[in-house]
Amino acid sequence: MHNVPRTTLPRTKEQGEKEAQRIKKYRELEQNIRQRVEANKQSAIGQTNNGTENSQPADYSNDRKSVESTIRSELVFTVPLLIEFPKCYWIWKYRVWMLQQATEKLLVTNARVVWEEELVLVQKMLHKDCRNFHAWGYRRHVVSQLENPILNGKSMVESEFVYTTMMTLTDLSNFSAWHNRSQLIPRLLNERNADAGARKRFLDEGEFSSCRLNLRQIFVWLITSMSHVERENVHEALNLGPDDQSLWYYHQYLVNAIIGASGQGPIVRDLSLEERHNYLQDEIAFIQDLLEDYLDVKWIYEALVECTLAAKKLSAHELQQTKRYPLAEWIRKLQELDKKRKGRWDDLEMYIQVHY
């Protein structure tokens, strides 16, 4: 769990004996299962040799019910184990295997219900620890299966986008939610058949503000609006938490989407050099406003340097001179605040002296 210190305590004699009993019980169970499997194999061989194979009509309905009961029983069995060991890969892998058995052996409608129940479980786990990246990765897998035509699935990108928005509003530092959001945006726009205008509106129009709306209003707005204001979202968040690394990574994602919007890109694709340059100038102005109130946040200086260098490159393409910014001063501040990466900033300082 996040914000929970990890400690390793020596086991007492009583704890050791208890663990030994659990291991013994597990091994007895394993041996019992192996014996039963072997007995079933021998029985099947005997029936074949006696010519009794398929002598009775198979009751496939009962077989499926039995299989579904077994699958559900195994899934229930692992829940308390997940509660105790939420980041144990092998428990999750076993659950995935059981769910795959549901897909292969059950009717489509029944299998889909099993997968939908799994999505509910993941949602509960993320409610308990919203930044558990294991659970986020598992959620993506479950959603991909629910979208699969094998389970009569259809795209869930709209609902997943709403979910990530709600999770980022719950915790602005939720890097996994921001990352998931960045993965969904290209699909979202493609499935909406968004043209250049719609993509541009997605980036920078609307009146969304997490400070002015309650969660219910936000949810309704997300469902009904076709224009999710990504730059406004991240600006609002950065105003509240300018020292949050997760937010700056998402801001960097949006800036890169703007820089690369020349016929391709995850969000906007058809921005002229002038439009991209103006976007970057706006971002620099916004970040400089943050700097007035937060003088010792290294992420602010790093974003200023990155946006300024990107704007200069675009200006070079147009043979125009961009505004002059105190790059050297910002880099000196980074050298002071980010001593572990001082070599990086020293190299960048030399690069700027040569090229600018």
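**View 1. Lys333 and its two salt-bridge partners.** At 45% relative accessibility, Glu336 counts as partly exposed. In this predicted model, Glu336 pairs up with Lys333 in a salt bridge, with the closest N and O atoms 3.7 Å apart. Both sit in helix 14, three residues apart, so about one helical turn separates them. Lys333 also has a salt bridge with Asp296, at 3.3 Å from N to O. That one reaches further along the chain: Lys333 is in helix 14 (residues 327-337) and Asp296 is in the loop between helix 12 (273-293) and helix 13, so the pair ties together parts 37 residues apart in sequence. Asp296 is exposed, at 53% relative accessible area.

**View 2. A salt bridge between a loop and helix 7.** Here Glu147 meets Arg187, with 3.0 Å between the closest N and O atoms. Glu147 belongs to the loop between helix 5 (133-146) and helix 6 (157-170), while Arg187 belongs to helix 7 (residues 175-191), so this pair links parts that are 40 residues apart in sequence. Is Glu147 buried or exposed? Its relative accessibility is 18%, and the cut-off for buried is under 20%, so Glu147 counts as buried. Arg187, at 32%, is partly exposed.

**View 3. A salt-bridge network.** Lys298, Glu302, Asp338, Arg341 and Arg344 are joined up by salt bridges. Across the whole structure, a search turns up 16 salt bridges.

**View 4. Glu118, a buried acid in helix 4.** Glu118 is found in helix 4 (residues 108-128) and has a relative accessible area of just 2%, so it is buried. Which residues does Glu118 touch, leaving out those up to four places away in sequence? They are Arg95, Leu99, Tyr138 and Val142.

**View 5. The largest nonpolar core, around Trp248.** This core holds 53 residues, and Trp248 is among those with the most contacts inside it, along with others including Ile185, Ile267 and Trp330. Helix 13 (residues 298-318) chips in the largest share, 11 residues. Beyond its neighbours within four places in sequence, Trp248 contacts Leu238, Pro242, Ile287, Leu290, Trp299, Ile300 and Ala303. A second, separate core has 30 residues, including Val122, Val142, Met156 and Tyr163.

**View 6. A nonpolar patch on the surface.** Leu29, Ile33 and Val37 make a nonpolar surface patch of about 250 Å². Leu29 is part of helix 1 (residues 13-49) and is partly exposed, with a relative accessible area of 47%. For the protein chain as a whole, the accessible surface is about 21,800 Å², with 52% of it belonging to carbon and sulfur atoms.

Notes. Residues are numbered from 1 along each chain as its sequence is written. This is a predicted model: local features need pLDDT of at least 70, side-chain atom pairs count only at pLDDT 80 or more; totals for chains, interfaces and linings use all residues. Side-chain values use heavy atoms; hydrogens and water are left out. Accessible areas come from the Shrake-Rupley method with a 1.4 Å probe; for residues, only the protein chains shown count as cover. Patches are made of residues with over 30% relative accessible area and no salt bridge: like charges are joined within 9 Å, nonpolar side chains (Val, Leu, Ile, Met, Phe, Trp, Tyr) within 5 Å. A salt bridge is a side-chain nitrogen of Lys or Arg within 4 Å of a carboxyl oxygen of Asp or Glu. Helices (H or I, at least four residues) and strands (E, at least two) are DSSP runs, numbered from the N terminus. Buried means under 20% relative accessible area, exposed over 50%, partly exposed in between (1.4 Å probe, protein chains only). A nonpolar core is a set of buried Ala, Val, Leu, Ile, Met, Phe, Trp, Tyr and Cys residues joined through side-chain atoms within 4.5 Å. Contact means heavy atoms within 4.5 Å.
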